[in-house]
Amino acid sequence: NDQTKVNQTKIKQTKSEPKIQLIKRLDQDKVLQESPFNWQYNEKYSLSVRVMNQTIQCFINSTLIIDVQDDEAPLLHGAMGLGVTQGHLRCNVLSIRPLV
């Protein structure tokens with residue numbers, strides 16, 4: 001049974017502790033950075049991620065929440081995911097496009 005290994009960076013919100021995490025997945029998950037964020041139930045948020053070389057920035061409602069430099073084996077290709085530890089996630093629009 002051959003398993004394909006997916007290298008990805010994902011954003012995860014946790015309910016037990018109000019925070020957002022930027023997680024890099026290679027052989028195992030590594031939290032690149034986390035920041036406090038008080039998620040509100042049934043509230044709509046605009047989440048955007050900007051990646052320029054090894055710099056990853058995450059914004060919620062246009063406010064910079066995470067700003068990290070990934071110099072250790074940066075993922076220059078791969079996937080992006082959204083994760084929730086408890087509850088649910090609803091996404092109206094998801095788009096990935098190059099920065100111009």
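The following questions and answers deal with a predicted model and with the grounds for the terms applied to its chain.

Visitor: What makes up the chain in terms of helices and strands?
Guide: The chain has zero helices and seven strands. Read from the N terminus, the elements run β-β-β-β-β-β-β.

Visitor: How do you know which elements have the lowest and the highest mean pLDDT?
Guide: Strand E1, residues 8–14, has the lowest mean pLDDT among the elements, at 58, and strand E6, residues 63–69, has the highest, at 94. Over residues 1–6 the pLDDT is below 50, and this stretch has four contacts in the model beyond near neighbours in sequence. Where pLDDT is low, predicted coordinates should not be read in detail. The chain as a whole averages 78, and 82% of the residues score at least 70.

Visitor: What makes E4 and E6 the edge strands?
Guide: Each of E4 (47–52) and E6 pairs on one side only. The open sheet has three strands in the order E4-E5-E6, with antiparallel pairing. From one strand to the next, the twist averages 15°.

Visitor: How do you know that E4 and E5 are paired?
Guide: Two strands pair if there are at least two bridges between them. Six bridges join E4 to strand E5, residues 55–60, and the two run antiparallel; therefore E4 and E5 count as paired. As one instance, the bridge partner of Val51 is Ile56 in E5.

Visitor: How do you know that E2 and E3 are paired?
Guide: The cut-off is again at least two bridges. Seven bridges join strand E2 (residues 19–25) to strand E3 (residues 29–36), so these antiparallel strands count as paired. E2 and E3 form a hairpin with three residues between them. Within this pairing, Lys24 stands opposite Lys30 in E3.

Visitor: Why is Asp70 called buried?
Guide: Buried means under 20% relative accessible area. Asp70 has 6% relative accessibility, so Asp70 counts as buried. Asp70 lies in the loop between E6 and strand E7 (79–84).

Visitor: What makes the pair Asp70 and Lys24 a polar contact?
Guide: The limit for such a pair of N or O atoms is 3.5 Å. The side chains of Asp70 and Lys24 are joined by a polar contact of 3.1 Å, so the distance falls within the limit. With neighbours within four places in sequence left aside, Asp70 is in contact with Lys24, Leu32, Gln54, Ile56 and Leu75.

Visitor: Why is Lys19 called buried?
Guide: Lys19 has 13% relative accessibility, and the cut-off is under 20%, so Lys19 counts as buried. The place of Lys19 is in strand E2. The side chain of Lys19 makes a polar contact with the side chain of Glu34, at 3.3 Å.

Visitor: Why is Pro36 called exposed?
Guide: Exposed means over 50% relative accessible area. Pro36 has 69% relative accessibility, so Pro36 counts as exposed. Pro36 is found in strand E3. Apart from neighbours within four places in sequence, Pro36 is in contact with Pro18 and Lys19. Pro36 and Gln21 are 15 residues apart along the chain, and their C-alpha atoms are separated by 8.8 Å.

Visitor: Why are Asn61 and Ala73 called partly exposed?
Guide: Partly exposed lies between the buried cut-off of 20% and the exposed cut-off of 50%. Asn61 has 40% relative accessibility, so Asn61 counts as partly exposed. Ala73 has 49%, so Ala73 also counts as partly exposed. Asn61 lies in the loop between E5 and E6, while Ala73 is in the loop between E6 and E7.

Visitor: What sign does phi have in Asn61 and Ala73?
Guide: Phi of Asn61 is near 50°, a positive value in a residue other than glycine. Phi of Ala73 is also near 50° and positive, again in a residue other than glycine.

Visitor: How many of the residues are buried, as a percentage, and what supplies the exposed area?
Guide: Buried residues make up 26% of the 100 residues in the chain. The chain exposes about 7700 Å², of which carbon and sulfur atoms supply 46%. Among contacts between residues at least 6 apart in sequence, 42% join residues at least 24 apart.

Notes
Residues numbered from 1 in each chain as written. Predicted model: local features only at pLDDT ≥ 70, side-chain atom pairs only at ≥ 80, totals over all residues. Heavy atoms only, no water. Helix = DSSP H or I, 4+ residues; strand = E, 2+ residues; numbered from the N terminus. Buried < 20%, exposed > 50% of the residue type's maximum accessible area, 1.4 Å probe, protein only. Contact = heavy atoms within 4.5 Å. Areas by Shrake-Rupley, 256 points an atom, 1.4 Å probe, with all protein chains shown as cover. pLDDT = per-residue confidence, 0-100. Axes fitted to C-alpha atoms, helices over the stretch in contact; angles between N-to-C directions. Polar contact = N/O pair within 3.5 Å; in protein donor to acceptor, adjacent residues only side chain to side chain.
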